[in-house]
Amino acid sequence: MNYDALMALIRHRQSCRAYDPGKEVSDADILKALEAARLAPSSCNKQPWRFIIVRDKAARERICKEGLLPGISMSWILNAPVIIVLCAEPRPFIHWLAPILSGVQYQLIDLGIAGAHMNLAFEALGLSVCWIGWFKEKMIRKLLGIPAGIQPAALITLGYEKERHEPTSRLEMPRIAFKERWNKPL
């Protein structure tokens with residue numbers, strides 16, 4: 001793949017909130033995207049990511065009814081044929097010591113990188129996703145039997161989009177990138 005093809009894929013990707021509930025996602029496509037996530041870089045190569053693929057309709061309904069935070073209508077999630085729960089498994093030493101020394105939780109950064117790889121792979125396969133952080137961690141843990149020490153960090157809905165929305169704006173380069181020090185233009 002060249003740079004232009006990659007940028008076209010990135011520009012086309014958007015968070016989907018309107019899924020076609022009649023189109024199932026193949027196991028083969030999920031495995032391809034999981035392979036992209038598996039190959040992501042991680043701090044000290046600890047690979048702290050774990051993924052739970054939820055296809056069962058009753059389980060997805062329980063996640064929507066009991067596992068999401070109130071206040072925002074997210075009924076569209078019920079139309080997504082798959083929910084993927086991204087979990088972080090902290091590893092000894094670097095993952096428990098780093099937050100104490102630097103405040104950085106590397107397992108969450110690593111999980112974010114793996115999730116981004118997975119999302120772009122789904123986009124390349126013609127699928128759509130939405131990354132969700134608005135959930136009750138303890139309830140998701142309970143509903144899915146996630147053991148202590150494993151942190152559910154995000155939900156990703158997955159399916160075929162029913163409709164696209166207008167692209168959202170992005171900040172201009174001078175607002176996000178600086179040369180040598182803060183606020184010095186590139």
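Which residues in helix 1 meet helix 5, and which residues of helix 5 do they meet? On the helix 1 side they are Leu9, Ile10 and His12, and across from them sit Leu120, Glu123 and Ala124 of helix 5. Sorted by type, the residues of this contact are 4 nonpolar, 1 polar and 1 charged. Keep in mind that this is a predicted model.

The axes of helix 1 (residues 3–12) and helix 5 (residues 106–124) come within 10 Å and cross at roughly 95 degrees. That makes the two helices roughly perpendicular.

Now for the sheet. It's an open one of 4 strands, in the order 1-2-4-3, with antiparallel pairing. Strand 1 (49–54) and strand 3 (128–132) are the edges, so each pairs on one side only. From one strand to the next, the twist averages 25 degrees. Strand 3 and strand 4 run antiparallel and are joined by 5 bridges; tryptophan 131, for instance, has isoleucine 156 in strand 4 as its bridge partner.

Two helices lie across the strands:

| Helix | Strands it lies across | Angle |
|---|---|---|
| Helix 2 (residues 27–38) | strand 1, strand 2 (82–88), strand 4 | about 165 degrees to strand 1 |
| Helix 5 | strand 1, strand 2, strand 3, strand 4 | about 155 degrees to strand 2 |

Finally, take a look at glutamine 151, which belongs to strand 4 (residues 151–159). Glutamine 151 is partly exposed, with a relative accessible area of 22%. Leaving aside neighbours within four places in sequence, its contacts include Leu86, Cys87, Ala88, Gln105 and Arg141. Valine 104 is 47 residues away from glutamine 151 in sequence, and their C-alpha atoms are 15 Å apart in space.

Methods:
Residues are numbered from 1 along each chain as its sequence is written. This is a predicted model: local features need pLDDT of at least 70, side-chain atom pairs count only at pLDDT 80 or more; totals for chains, interfaces and linings use all residues. Side-chain values use heavy atoms; hydrogens and water are left out. Axes are lines fitted to C-alpha atoms, for helices over the stretch in contact, and angles run from 0 to 180 degrees between N-to-C directions. Angles under 35 degrees count as roughly parallel, over 145 as roughly antiparallel, 65 to 115 as roughly perpendicular and the rest as oblique. Contact means heavy atoms within 4.5 Å. Ala, Val, Leu, Ile, Met, Phe, Trp, Tyr, Cys and Pro count as nonpolar, Asp, Glu, Lys and Arg as charged, and the others, Gly among them, as polar. Buried means under 20% relative accessible area, exposed over 50%, partly exposed in between (1.4 Å probe, protein chains only). Two strands pair if DSSP finds at least two bridges between them.
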